[in-house]
Amino acid sequence: MKRSFTISYNQKVKITVLVILALFALSGFVSYKIRSLEEGAAWYALNRSATRINDELSRRIDVDREVLLTFANILSKQDNIDSQLTQEIIDDFSANTLMEHIALLLPGDKVLWPHQAPINAKGILSFEEEAKHGMHITDRLVDLRDRNNFILRNFVPVQKNGKTVAMLYGVINLRTLPAFMNQNIYQGQAVYFIIDGDNGDFILNTHRSKLGNMWDVAERDIKSGDSNEVMRAKLAQGQSGYNIIKSAISGQFGCFYYKPSTINNWRVAILVPEKIALSRVYQTNKLLLFFLIAEFIMLVGYFIWLQRTSRKELQIQQRLADRDLLTGCLNRNCFEKFLAQDTNLNKKHISCVYMDVNGLHELNNTQGHAAGDKMLQVVAKELQEVFGENDVYRIGGDEFVVIIIDKEDKDVEQLLTEAIASIKAQGYFVSTGHCHSPGEISIDELLKMAEKRMYDDKRDFYSRAGNDRRARS
């Protein structure tokens, strides 16, 4: 046996609300994931840009080193390392490299400098210390010629018979270094930094000609991401990190990404205005917001539509369950529920009309069921117009009952007379029985009395001359 499964209106509403909430939760989760992916992509793009600037600087330093190694090889073949030829090589150096010029550090801390006499660099440069490091590039240093300028020295050893006899180096002017870095990304708004992880000194800052220190500003205004303490610790420890930080120059918030460099103990970093670095994130947010608003409007609209249509369907179903399809009167099922539900009926003043349509069976047999249906519809319509739609019940094939509560007896009798006259005027006849009770007898007894009187009236109708069982005049 199959089990029937029906869902009530309230259950439908609850299920619909749960589905809508689930869709909102799913949409919110998907929106969050999409936004997270876009943010991740934005920070990854900053990471790649920082990596490119590191690779570019490393490549150029390596190129410079190859040039220096070539000159070092030439110098190693000289009998006298500080000869006039060596000075001429230093004087005539010219190459499209990071190096502004080259110099030669000799034992005793003497420096052969271009276009001038040798310099005694004792206390400033140490041949033994630099030779100990071999081929290397220094951190930020003060220029020998201009104490207000910072430089890097790219050292390579000059060796004879396996012994270092001099240290050749190229001088990289940090004031002009930014010009060699490719900055044609992020609409030219990106600022690149090379930071000394040991002390926070800027080695490269493409936004300022005058270099300073990363920690000149002790507390930076951070919008999100790593705090000042965490950022400082990560930079010192050579870890990657990011935050949205206010620029000390422009005063605007920018996306700051930093990571360890492959050169010395340096860090490479990039700062891009927030609205540029996260432009796709903001566009995605707008689209997602539009989507969520549109989804909300559509789902709420659907819920309202569903609620209204469900209410209408419920009303229709209730009407179909309670109303007779042919006449529109309340049916016997509704009549029984009415009697069972109202426990105070026996205490009220009730008028009961029991009516039977005369000649329905004969009319169906002689003129067809359509004629019989029309007769029932006419009777029902007149009863409803006189007594109201909610007081008239069709309880059988040709039987109607009218229950009137708390209405004067004379008024009920007048209404019944009007209904019978209207029905008769349209060529149909009915038999009626009606009685009243001010709560002295039960509703069941009242119905039985009205039904008995109806049958008495029907016998009287058919006994009178001129009336046959077709119920037509």
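Start by selecting Ser250, which sits in the loop between strand 11 and strand 12. Keep in mind as you click around that this is a predicted model. Is Ser250 buried, exposed or partly exposed? Ser250 has a relative accessible area of 46%, so it counts as partly exposed. Now add Pro273 to your selection. Ser250 and Pro273 are 23 residues apart in sequence, and their C-alpha atoms are 9.5 Å apart in space.

**The sheet of 6 strands**

Stay in this part of the model and colour the strands. You're looking at an open sheet of 6 strands, with antiparallel pairing, in the order 9-8-13-12-11-10. Which strands stand at the edges? They are strand 9 (202–205) and strand 10 (222–225); each has a single partner strand, so one side of each is left without a neighbour in the sheet. Try turning the view to look for the twist: on average, neighbouring strands of this sheet are turned by 20° against each other, ignoring direction.

Next, zoom in on the edge with strand 9. Strand 8 (residues 191–196) pairs with strand 9 in the antiparallel sense, over 3 bridges. Pick Ile195 and you can find its bridge partner in strand 9, Phe202. Then click on Gly200, in the hairpin of strand 8 and strand 9. This hairpin has 5 residues between the strands, and Gly200 takes a positive phi near 85°.

Now show helix 4 (residues 228–237). What does helix 4 lie across? Helix 4 lies across strand 10, strand 11 (241–246), strand 12 (253–260) and strand 13 (266–273). Against strand 12, helix 4 runs at about 30°.

**Helix 1 and helix 2**

Time to jump to lower residue numbers. Select Leu26, Phe29, Val30, Tyr32 and Ile34, and show them as a surface: together they make a nonpolar surface patch of about 500 Å². Take a closer look at Ile34, which is found in helix 1 (residues 9–76). With 33% relative accessibility, Ile34 counts as partly exposed.

For a contrast, pick Ile89 in helix 2 (residues 84–92). Ile89 has a relative accessible area of 15%, so it is buried. Which residues is Ile89 in contact with, leaving aside its neighbours within four places in sequence? Show Phe71, Ile74, Leu75 and Ile102, and you have them. While Ile89 is selected, you can also draw a distance line to Gln189. These two are 100 residues apart along the chain, and their C-alpha atoms are separated by 41 Å.

**The sheet of 5 strands**

Now head for the higher residue numbers. Here you'll find an open sheet of 5 strands with mixed pairing, in the order 14-16-17-15-18. Strand 14 (330–331) and strand 18 (430–437) stand at its edges; each has a single partner strand, so one side of each is left without a neighbour in the sheet. How many bridges join strand 15 (residues 350–357) to strand 18? There are 8, and the two strands run antiparallel. To see one pairing, click on Asp356 and then on its bridge partner in strand 18, Ser431.

**Last stop: helix 8**

Finish with helix 8 (residues 360–367), whose buried residues are Leu360, Glu362, Leu363 and Asn364. Switch on strand 15 and helix 9 (369–387), which are among what covers those buried residues. Then step along to Gly368, which follows helix 8 and has a positive phi near 100°.

Terms used
Residues numbered from 1 in each chain as written. Predicted model: local features only at pLDDT ≥ 70, side-chain atom pairs only at ≥ 80, totals over all residues. Heavy atoms only, no water. Pairing = 2+ DSSP bridges. Helix = DSSP H or I, 4+ residues; strand = E, 2+ residues; numbered from the N terminus. Axes fitted to C-alpha atoms, helices over the stretch in contact; angles between N-to-C directions. Contact = heavy atoms within 4.5 Å. Patch = residues over 30% accessible without salt bridge, like charges linked within 9 Å, V, L, I, M, F, W, Y side chains within 5 Å. Areas by Shrake-Rupley, 256 points an atom, 1.4 Å probe, with all protein chains shown as cover. Salt bridge = Lys/Arg side-chain N within 4 Å of Asp/Glu carboxyl O. Buried < 20%, exposed > 50% of the residue type's maximum accessible area, 1.4 Å probe, protein only.
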